[in-house]
Amino acid sequence: MEAVRAIADPVRREILDLLRHGPRTAGAIAGAFSVSRPAVSRHLRVLREHGLVHDELRGRERVYRLDTTPLAPVEAWLV
């Protein structure tokens, strides 16, 4: 249930909510928040380290997509 620590932060939960609607570039994600781009980058790194997002380099942009697999143990625990 390591993923619980990753989703403890409200900004990270909002990032995941954005990605529920489909992949987005790092710039598009950062543009949705009032925090700095480096702060959003740190949040994305935490989410990536916990397997909740995956990124792909497309040209000069990094595209992130959601992966809910690490949340399966949390869901199983809740039901």
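**View 1. Four salt bridges are counted in this predicted model.** Three of them are shown in the close-ups that follow, each between an arginine and an acidic side chain.

**View 2. R62 pairs with D55.** The two side chains meet in a salt bridge, 2.6 Å from N to O. R62 is partly exposed, at 34% relative accessibility. D55 is also partly exposed, with a relative accessible area of 27%.

**View 3. R20 pairs with D17.** The closest N and O atoms of this salt bridge lie 2.9 Å apart. R20 counts as exposed because its relative accessible area, 59%, is over 50%. D17 is partly exposed, at 36%.

**View 4. R58 pairs with E56.** Here the closest N and O atoms are 3.5 Å apart, within the 4 Å limit for a salt bridge. Both residues are partly exposed: R58 has a relative accessible area of 46%, and E56 has 43%.

**View 5. Helix α2 packs on helix α4.** Helix α2 spans residues 10-19, and helix α4 spans residues 37-49. Their axes are 10 Å apart and make an angle of about 75°. The two helices are therefore roughly perpendicular to each other. From α2, the contact residues are V11, R12, I15 and L16. They meet V40, H43, L44, V46 and L47 of α4.

**View 6. W77, L78 and V79 make a nonpolar surface patch.** The patch covers about 440 Å². L78 belongs to helix α5, residues 72-78. L78 counts as exposed, at 61% relative accessibility.

Terms used: Residues are numbered from 1 along each chain as its sequence is written. This is a predicted model: local features need pLDDT of at least 70, side-chain atom pairs count only at pLDDT 80 or more; totals for chains, interfaces and linings use all residues. Side-chain values use heavy atoms; hydrogens and water are left out. Patches are made of residues with over 30% relative accessible area and no salt bridge: like charges are joined within 9 Å, nonpolar side chains (Val, Leu, Ile, Met, Phe, Trp, Tyr) within 5 Å. Accessible areas come from the Shrake-Rupley method with a 1.4 Å probe; for residues, only the protein chains shown count as cover. Helices (H or I, at least four residues) and strands (E, at least two) are DSSP runs, numbered from the N terminus. Buried means under 20% relative accessible area, exposed over 50%, partly exposed in between (1.4 Å probe, protein chains only). Axes are lines fitted to C-alpha atoms, for helices over the stretch in contact, and angles run from 0 to 180 degrees between N-to-C directions. Angles under 35 degrees count as roughly parallel, over 145 as roughly antiparallel, 65 to 115 as roughly perpendicular and the rest as oblique. Contact means heavy atoms within 4.5 Å.
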